[in-house]
Amino acid sequence: MDMIRDYFAMGGYASFVWPAFGLSAVVVVALLVVSLRNLRLSEAALAELRHVTLLSEEETHP
Amino acid sequence: MHRFANPTRFVALVRAVQPWAAGIALVTLAAGLWFSLIASPADYQQGETVRIMYVHVPAAWMAMFCYSSMAGASAVTLVWRHAVAHVVARATAPIGASFTFLALATGSLWGKPMWGTWWVWDARLTSVLILLFLYLGYMAIENAFDDRARGSRAAAILAIVGAVNVPIIKFSVDWWNTLHQPASVVRLDGPAIHPSMLTPLVLMAVGYTALYLWILALRVRADINMSKVRALTLRGA
């Protein structure tokens with residue numbers, strides 16, 4: 001138990017070491033999530049538009 | 001290189017690279033974190049704060065690497081008018097800005113216990129802050145014009161002019177007096193760092209690079225999709 005507490009205390013520098021790693025993780029994961037979401041949204045927008053374009057072309061050239 | 005100026009061929013390349021980048025990023029970052037936080041020693045001078053190095057230094061390297069890529073891609077855009085080069089530059093900007101922010105923030109968290117201050121206006125810190133503003137300026141200009149082509153051109157010119165800052169950052173610790181320590185890994189006489197600390201540093205650096213390529217792939221594909229959406233909308237209107 002003491003070993004675990006010592007580990008997380010980081011020799012008294014816990015309030016500097018853990019925020020540095022935590023902030024890095026938060027920023028990187030947020031960037032990844034936003035980029036993944038934008039890709040999904042762009043794919044959906046493109047699929048919908050292609051569908052609409054296809055329908056309207058069928059209407060004009062039956 | 002001109003072969004990949006074709007968007008379809010370029011997207012095929014990006015799709016092929018993406019899973020490899022993702023896999024390498026996840027594996028090396030997991031191993032890197034294990035070595036950074038558990039399987040590496042505390043420094044004899046800096047104690048446990050030395051672990052901040054493993055997220056600070058790779059972020060700072062990526063800040064400069066992303067900027068160099070963005071400036072290089074911008075030069076290709078202006079010289080050869082390759083649309084995909086501009087897509088790469090545009091997709092790189094927010095990733096580089098994030099790494100630059102992380103380099104500054106983790107550096108601050110390291111500076112407080114070791115230097116006794118969160119921030120000093122010395123050459124290294126100031127030039128990296130300017131790098132962050134260059135990224136933000138690039139993104140602002142890119143989106144500021146109604147005419148997208150003009151915005152892209154202006155942003156590309158800013159990226160190229162701002163590239164002068166990259167060597168200034170690299171050599172700032174040699175040219176000016178500073179609290180920041182000089183290079184200890186990339187130097188002519190070989191790394192001045194013990195292997196037990198070099199291992200996590202290299203793993204995290206490879207992980208960050210793979211992460212950049214992974215996120216870049218996602219953003220490039222989204223960007224090309226959206227330009228197709230704009231083209232189709234224009235045709236429909």
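Me: Before anything else, what is the radius of gyration taken over, and which rule says what a globule should have?

Reply: The radius of gyration is taken over C-alpha atoms, and the globule rule is 2.2 Å times the number of residues to the power 0.38. In this predicted model, chain B has 237 residues, for which a compact globule would have a radius of gyration near 18 Å, and because chain B has 20 Å, the two agree. Along the principal axes, the C-alpha atoms of chain B fill a box of roughly 65 × 35 × 30 Å.

Me: How far does the predictor trust chain B, and what does the predictor give for the complex?

Reply: For chain B the mean pLDDT is 90, with 97% of its residues at 70 or more, while the complex receives an ipTM of 0.90 and a pTM of 0.92.

Me: How many helices and how many strands should I look for in chain B?

Reply: You should find 7 helices and 0 strands in chain B, so that the pattern read along the sequence is α-α-α-α-α-α-α. Helix 2 of chain B, with 28 residues, reaches 40 Å from its first C-alpha to its last, which is close to the 40 Å expected at 1.5 Å a residue. Just after helix 2 of chain B comes Arg81(B), which takes a positive phi of about 55 degrees.

Me: Which residues touch the most other members of the largest nonpolar core?

Reply: The general idea is that in soluble globular proteins nonpolar side chains tend to be buried together. Here the largest nonpolar core holds 70 residues, of which Ala59(B) and Ala63(B) touch the most other members. Helix 2 (14-60) of chain A supplies at least two residues of this core, as does each of several helices of chain B, including helix 1 (7-37), helix 4 (123-142) and helix 5 (148-162). The largest share of the core, 17 residues, comes from helix 7 of chain B. Leaving aside neighbours within four places in sequence, Ala63(B) is in contact with Gly96(B), Phe99(B), Thr100(B), Ala103(B), Val128(B) and Leu131(B).

Me: How many residues does each chain bring to the contact, and which helix of chain B gives the largest share of its side?

Reply: Chain B brings 32 residues and chain A brings 24 residues. On the side of chain B that touches chain A, helix 2 (53-80), helix 3 (83-115) and helix 7 (195-236) of chain B each supply at least two residues, and the largest share, 13 residues, comes from helix 7. Sorted by class, that side of chain B has 18 nonpolar, 8 polar and 6 charged residues.

Technical notes. Residues are numbered from 1 along each chain as its sequence is written. Chains are lettered from A and ligands numbered from 1 in the order in which they are written. This is a predicted model: local features need pLDDT of at least 70, side-chain atom pairs count only at pLDDT 80 or more; totals for chains, interfaces and linings use all residues. pLDDT is the predictor's confidence in each residue, from 0 to 100. Two residues are in contact if their C-beta atoms, placed from the backbone, lie within 7 Å. Helices (H or I, at least four residues) and strands (E, at least two) are DSSP runs, numbered from the N terminus. Ala, Val, Leu, Ile, Met, Phe, Trp, Tyr, Cys and Pro count as nonpolar, Asp, Glu, Lys and Arg as charged, and the others, Gly among them, as polar. The expected span of a helix is 1.5 Å times one less than its number of residues. A nonpolar core is a set of buried Ala, Val, Leu, Ile, Met, Phe, Trp, Tyr and Cys residues joined through C-beta atoms within 7 Å. A residue is buried if 20 or more other C-beta atoms lie within 10 Å of its own, exposed if 12 or fewer, and partly exposed in between; C-beta atoms are placed from the backbone.
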